[in-house]
Amino acid sequence: MKVLNTRGKLLAPVPLVAIAILSIGSRIGAVPDQNREIREAAISPLFSGRSAARTPDSFPLVGRRTEPFKVDPPAPTPTPPGGIIYVPLPRGPAIPPGKLDIVKTNVALASKGGIASASSQLDAMRTAGAAINGDRLGLHWGSDPSTGSGWCDATKGVYPDWLRVDFKGMKTIDEIDVFTAQDDVTAPLALTKDLTFTGYGITEFEVQYLNGSDWQTLPRRVSGNNLVWRRFNFLPVKTNAIRVLVKNALNDYSRIIEVEAWGY
Ligand SMILES: [Ca+2]
């Protein structure tokens with residue numbers, strides 16, 4: 001299978017796997033206009049290493065192409081696992097030619113150079129750093145923030161509180177995931193997108209990214225939340241820091257187990 005530009009020139013080798021072009025808002029299984037010319041696209045591996053239940057807008061981003069191109073031959077329907085999916089994007093920063101192999105990772109991780117800070121923290125076991133240690137569950141809450149636990153603020157019943165992560169330099173990100181405290185912090189359950197809380201989670205919050213010296217708030221502000229895991233997908237932005245601004249939570253404190261920022 002080849003990727004051709006509009007003049008038929010081979011642009012890049014593509015693995016012999018199915019290719020689909022998804023128009024904005026379309027879903028897997030509905031693959032319209034396979035040969036339609038698109039001007040800009042995110043190029044993502046389908047079902048590679050992450051949940052097959054993920055929606056097209058949350059696949060790991062591995063690259064972008066800004067030159068008009070089309071796919072030849074048309075993709076089969078439905079697209080089988082292991083295929084590649086081209087998601088047209090209306091705007092956003094472009095990756096230079098030859099950079100199509102960039103893999104999206106969680107750039108907020110301490111192990112990736114992320115540095116966490118917060119408006120306050122309850123104690124040395126529930127630090128901001130516990131929210132970028134790679135543990136999404138909040139294992140052994142209240143002990144060893146380097147391997148588990150999570151962040152808890154120190155201003156009882158007073159909001160807002162914030163948790164900030166500074167990246168190792170400028171990053172291009174298009175997804176942020178926020179995990180709050182589960183009901184049984186001594187025995188957290190396996191995560192699903194439907195897992196709810198009734199005891200300690202954050203109920204009202206905004207996710208922001210730093211644009212120069214200004215915090216830009218993602219369009220979807222959360223209120224009345226009862227989900228442990230909230231994912232935010234957005235058009236790629238280039239930034240060096242993100243922040244979760246908590247405006248209300250159950251049980252008087254803001255508790256965030258982990259915050260992730262996916263990009264490169
Ligand atoms: Ca954590």
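Is His140 buried, exposed or partly exposed, and how many other C-beta atoms lie within 10 Å? In this predicted model, His140 is partly exposed because 16 other C-beta atoms lie within 10 Å, a count that falls between the 12 or fewer of an exposed residue and the 20 or more of a buried one. The residue is found in the loop between strands E9 and E10, and its phi is near 35°, which is a positive value in a residue other than glycine.

The confidence of the prediction varies along the protein chain. The mean pLDDT is 73, and 61% of the residues reach 70 or more, whereas over residues 1–101 the pLDDT stays under 50, although the model has 164 contacts beyond four places in sequence for that segment. The protein chain has 15 strands and 0 helices, and 38% of its 264 residues count as buried. Of the contacts between residues at least 6 apart in sequence, 73% join residues at least 24 apart.

Strand E9, which covers residues 115–118, has side chains that alternate between two faces: Ala116 and Ala118 point to one face and are buried, while Ile115 and Ser117 point to the other and are not. Such an arrangement can be set beside the general rule that in a regular strand the side chains alternate between the two faces of the sheet. E9 is joined by 4 bridges to strand E11 (residues 161–180), and the two strands run antiparallel. Within this pairing, Ala116 stands opposite Val165 of E11.

Val165 also belongs to the largest nonpolar core, which has 37 residues, and is listed with Ala131, Leu163, Val244, Ile256 and Val259 among those with the most contacts inside it. Two or more residues of this core are given by each of E9, E10, E11, strand E12 (202–211), strand E14 (229–249) and strand E15 (255–263), and the largest share, 8 residues, comes from E11. For Ile256, when its neighbours within four places in sequence are left aside, the contacts are Ala131, Gly150, Trp151, Leu163, Val178, Thr180, Ile202 and Val244.

The loop between E9 and E10, in which His140 is found, is also the place of Thr127 and of Ser149. Thr127 counts as buried because it has 21 C-beta neighbours inside 10 Å, where 20 or more are required. Apart from residues up to four places away in sequence, Thr127 touches Gln121, Pro145 and Trp151; for the last of these, the C-alpha atoms of Thr127 and Trp151 are separated by 4.8 Å, although the two residues are 24 apart along the chain. Trp151 is also one of the residues in contact with Ile256.

Ser149 likewise counts as buried, since it has 24 C-beta neighbours inside 10 Å. Its phi is positive, at about 60°, although the residue is not a glycine. A positive phi is therefore present both in Ser149, which is buried, and in His140, which is partly exposed.

A further backbone feature concerns the peptide bond from Tyr159 to Pro160, which is cis, with omega near 5°. Pro160 is found in the loop between strand E10 (151–152) and E11, the latter being the strand that runs antiparallel to E9 and gives the largest share of the nonpolar core.

Definitions and conventions
Residues numbered from 1 in each chain as written. Predicted model: local features only at pLDDT ≥ 70, side-chain atom pairs only at ≥ 80, totals over all residues. Pairing = 2+ DSSP bridges. pLDDT = per-residue confidence, 0-100. Contact = placed C-beta atoms within 7 Å. Core = buried A, V, L, I, M, F, W, Y, C linked by C-beta atoms within 7 Å.
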